[in-house]
Amino acid sequence: MTGSELIKQSLKILGYSDNGGNTQLSGRVMSRAVSLINLVYNDLRRICGEERASVSSLSEELELPEKAADALICGVAAYIALSEGDDLMQAVWSQEYQQRRTALSEVDEIEDVLPQAY
């Protein structure tokens with residue numbers, strides 16, 4: 001997914017754009033889009049155990065596991081809502097982001113072992 005696609009999806013889940021991606025906010029959002037993306041992107045890369053990486057343009061490809069990509073959309077949506085002063089949508093998407101972010105750091109498999117005395 002590119003940064004541009006990410007912004008479009010985030011605007012769509014916020015209800016700020018129609019199905020064609022048209023929005024009244026695009027100029028304001030696009031002027032700070034790279035900064036918003038980097039905030040969330042680096043946080044998720046750290047959780048996934050990857051090195052920090054920043055994007056410098058919206059055409060760059062964002063490399064994250066699929067589960068983290070879903071969280072990325074929610075996180076960017078929360079920051080867009082915050083920057084627009086939309087408290088309700090910011091609260092909704094922040095909570096969703098935190099839930100998905102937490103799920104990334106959970107252990108998928110628990111190893112069954114016998115305790116050993118030392």
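Okay, before anything else: a helix here means a DSSP run of at least four residues, and the helices get their numbers from the N terminus. With that in hand, T2 sits in the segment before α1, which covers residues 3-14. One thing to keep in mind throughout: what you're looking at is a predicted model.

So let's stay with T2 for a moment. Is T2 buried or exposed? The cut-off for buried is under 20% relative accessible area, and T2 counts as buried because its relative accessibility is 17%. And what does T2 touch, once we skip residues up to four places away in sequence? The answer is L58, S59, E60, E61 and L62.

How confident is the predictor? The chain has a mean pLDDT of 87, with 86% of its residues at 70 or more. Among the elements, α4 has the highest mean pLDDT, 94, and α2 the lowest, 89.

Let's go inside now. In general, nonpolar side chains in soluble globular proteins tend to be buried together. In this model, the largest nonpolar core has 30 residues, and the members touching the most other members are I7, L14, I37, L44, L72, V76 and I80. Which elements give two or more residues to this core? Those are α1, α2, α3 and α4. The biggest giver is α3, with ten residues.

Take V76 from that list as an example. Ignoring neighbours within four places in sequence, V76 is in contact with L6, I7, S10, L36, I37 and V40.

On to α4. This helix has 19 residues, and from its first C-alpha to its last it reaches 27 Å, close to the 27 Å expected at 1.5 Å a residue. Find M89, W93, Y97 and L104 on your screen: these residues of α4 are buried. If you look down the axis of α4, the buried residues fall within an arc of 55 degrees, so they line one face of the helix. Over on the other side of α4, you'll find D87, L88, Q95 and S105, which are exposed.

Last topic: charges. Side chains of opposite charge can pair when their charged atoms come close. How many salt bridges does a search of the whole structure find? It finds five, and I'll walk you through some of them.

Start with R32 and E84, whose closest N and O atoms are 2.6 Å apart in their salt bridge. R32 is in helix α2, residues 26-47, while E84 is in the loop between α3 (66-83) and α4 (87-105), so this pair ties together parts that are 52 residues apart in sequence. Both partners are partly exposed: R32 has 26% relative accessibility, and E84 has a relative accessible area of 22%.

Next, look at D43. This residue forms a salt bridge with R46, with 2.9 Å between the closest N and O atoms. D43 and R46 both belong to helix α2 and are three residues apart, about one turn of the helix. Their surroundings differ, though: D43 is buried, at 17% relative accessible area, whereas R46 is exposed, at 51%.

D43 also has a salt bridge with R101, and there the closest N and O atoms are 2.6 Å apart. That pair links distant parts of the chain, with R101 in helix α4 and D43 in helix α2, 58 residues apart. Put these together and you get one network, in which salt bridges with shared partners join D43, R46 and R101.

Okay, that's my tour. Thanks, everyone!

Methods:
Residues are numbered from 1 along each chain as its sequence is written. This is a predicted model: local features need pLDDT of at least 70, side-chain atom pairs count only at pLDDT 80 or more; totals for chains, interfaces and linings use all residues. Side-chain values use heavy atoms; hydrogens and water are left out. A salt bridge is a side-chain nitrogen of Lys or Arg within 4 Å of a carboxyl oxygen of Asp or Glu. Buried means under 20% relative accessible area, exposed over 50%, partly exposed in between (1.4 Å probe, protein chains only). Contact means heavy atoms within 4.5 Å. The expected span of a helix is 1.5 Å times one less than its number of residues. The arc is that of the directions from the helix axis to the C-beta atoms. pLDDT is the predictor's confidence in each residue, from 0 to 100. A nonpolar core is a set of buried Ala, Val, Leu, Ile, Met, Phe, Trp, Tyr and Cys residues joined through side-chain atoms within 4.5 Å.
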